[in-house]
Amino acid sequence: ERAREWSTRMNLTTDHTRGIAIVRVGEDRLMYPLLSTFADSISSLVTGGERKVIIDMSQVGYVDSASIGCLMDLYRQATQAGGALKLAGVQKRVETMLTMTGAQNFIELYPDESSAVQSFEE
């Protein structure tokens with residue numbers, strides 16, 4: 001029972017496992033104009049009742065400041081809904097951006113999807 005939705009405008013796939021929504025970003029650069037599609041996809045999961053969201057960023061080699069702002073907004077949405085949003089597979093360059101902006105003080109980062117999934121089960 002794995003639901004999979006494909007986005008036409010952006011390479012995003014969503015899987016559900018053990019009550020966790022895992023969103024895989026299949027783009028090497030996360031930035032405008034893809035951000036609105038990305039934000040809408042995650043937002044609709046949260047408003048639709050998902051409380052545990054993992055964004056797998058292992059394909060993403062570059063984010064801009066707008067992406068970081070977007071991730072922070074999504075993090076706040078999930079938190080306000082009583083849930084959590086975590087990032088998995090963040091590449092070094094992206095992690096540096098998250099650190100520079102202070103986003104990593106809020107959003108939990110995990111080296112891979114399985115460790116992020118485990119963190120929800122602890």
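**Asp73 and Arg76.** I began with the salt bridge between the side chains of aspartate 73 and arginine 76, where N and O lie 2.7 Å apart in what is a predicted model. Both residues belong to helix α2, and I noted that they are 3 residues apart, about one turn of the helix. I then looked up how open each one is: aspartate 73 has a relative accessibility of 39% and counts as partly exposed, and arginine 76, at 39%, counts as partly exposed too.

**Lys92 and Glu95.** Next I turned to helix α3 (residues 92-101), which holds both lysine 92 and glutamate 95, 3 residues apart, about one turn of the helix. These two form a salt bridge in which the closest N and O atoms are 3.6 Å apart. Lysine 92 is exposed, with a relative accessible area of 63%, whereas glutamate 95 is partly exposed at 28%. For the model as a whole I recorded a count of 6 salt bridges.

**Asp15, Arg24 and Glu113.** I followed a further salt bridge, the one that joins arginine 24 to aspartate 15, with the closest N and O atoms 2.5 Å apart. Which residues are linked with Arg24 in a network of salt bridges? I found Asp15 and Glu113 there, so that the network, by the rule of a side-chain nitrogen within 4 Å of a carboxyl oxygen, takes in Asp15, Arg24 and Glu113. Aspartate 15 is buried, its relative accessible area being 2%, while arginine 24 is partly exposed at 22%.

**Asp56, a buried acid without a partner.** I then checked aspartate 56, which lies in strand β5 (residues 52-56). Why does aspartate 56 have no salt bridge, and how far away is the nearest side chain of opposite charge? I noted that side chains of opposite charge can pair when their charged atoms come close. For aspartate 56, which is buried, the nearest such side chain is that of arginine 24, at 4.4 Å; a salt bridge has to fall within 4 Å, and therefore this pair is not counted as one. What I did find is a polar contact of 2.6 Å between the side chains of aspartate 56 and serine 58. Leaving out residues up to four places away in sequence, I listed the contacts of aspartate 56 as Val23, Arg24, Val25, Ala88 and Glu113.

**Helix α4.** Glu113 led me on to helix α4 (residues 113-121), whose buried residues are Glu113, Ser115, Ala116, Val117, Ser119 and Phe120. I asked which strands these buried residues pack against, and wrote down β3 (20-25), β5, β7 (84-88) and β8 (108-110).

**Helices α1 and α2.** I looked up how helix α1 (residues 34-47) sits against helix α2 (residues 65-80), and found an angle of about 10° with the axes 10 Å apart. The two helices are therefore roughly parallel to each other. On the α1 side the contact is made by Leu35, Phe38, Ala39, Ile42, Ser43 and Val46, and on the α2 side by Ala66, Ser67, Cys70, Leu71, Leu74, Gln77 and Ala78.

**Back to α3: Val94 and Thr101.** Valine 94 is in helix α3 and counts as buried, at 2% relative accessibility. Setting aside its neighbours within four places in sequence, I recorded contacts of valine 94 with Met57, Val60, Gly61, Tyr62 and Val63. Threonine 101 also lies in helix α3, but threonine 101 is partly exposed, at 45% relative accessibility. A polar atom of the threonine 101 side chain lies 3.0 Å from the backbone oxygen of methionine 97, and I noted 3.1 Å from a polar atom of that side chain to the backbone oxygen of leucine 98. I also looked up the separation of threonine 101 from serine 65, which is 36 residues away along the chain, and their C-alpha atoms are 8.3 Å apart.

**Gly26.** My last entry is glycine 26, in the loop between β3 and β4 (29-30). Glycine 26 is partly exposed, with a relative accessible area of 31%, and touches Asn11 and Gln59 when residues up to four places away in sequence are not counted. From glycine 26 to cysteine 70 I noted 17 Å, C-alpha to C-alpha, for a pair 44 residues apart in sequence.

How values were computed. Residues numbered from 1 in each chain as written. Predicted model: local features only at pLDDT ≥ 70, side-chain atom pairs only at ≥ 80, totals over all residues. Heavy atoms only, no water. Helix = DSSP H or I, 4+ residues; strand = E, 2+ residues; numbered from the N terminus. Buried < 20%, exposed > 50% of the residue type's maximum accessible area, 1.4 Å probe, protein only. Lys, Arg positive; Asp, Glu negative; His and termini not counted. Polar contact = N/O pair within 3.5 Å; in protein donor to acceptor, adjacent residues only side chain to side chain. Contact = heavy atoms within 4.5 Å. Axes fitted to C-alpha atoms, helices over the stretch in contact; angles between N-to-C directions. Parallel < 35°, antiparallel > 145°, perpendicular 65-115°, else oblique.
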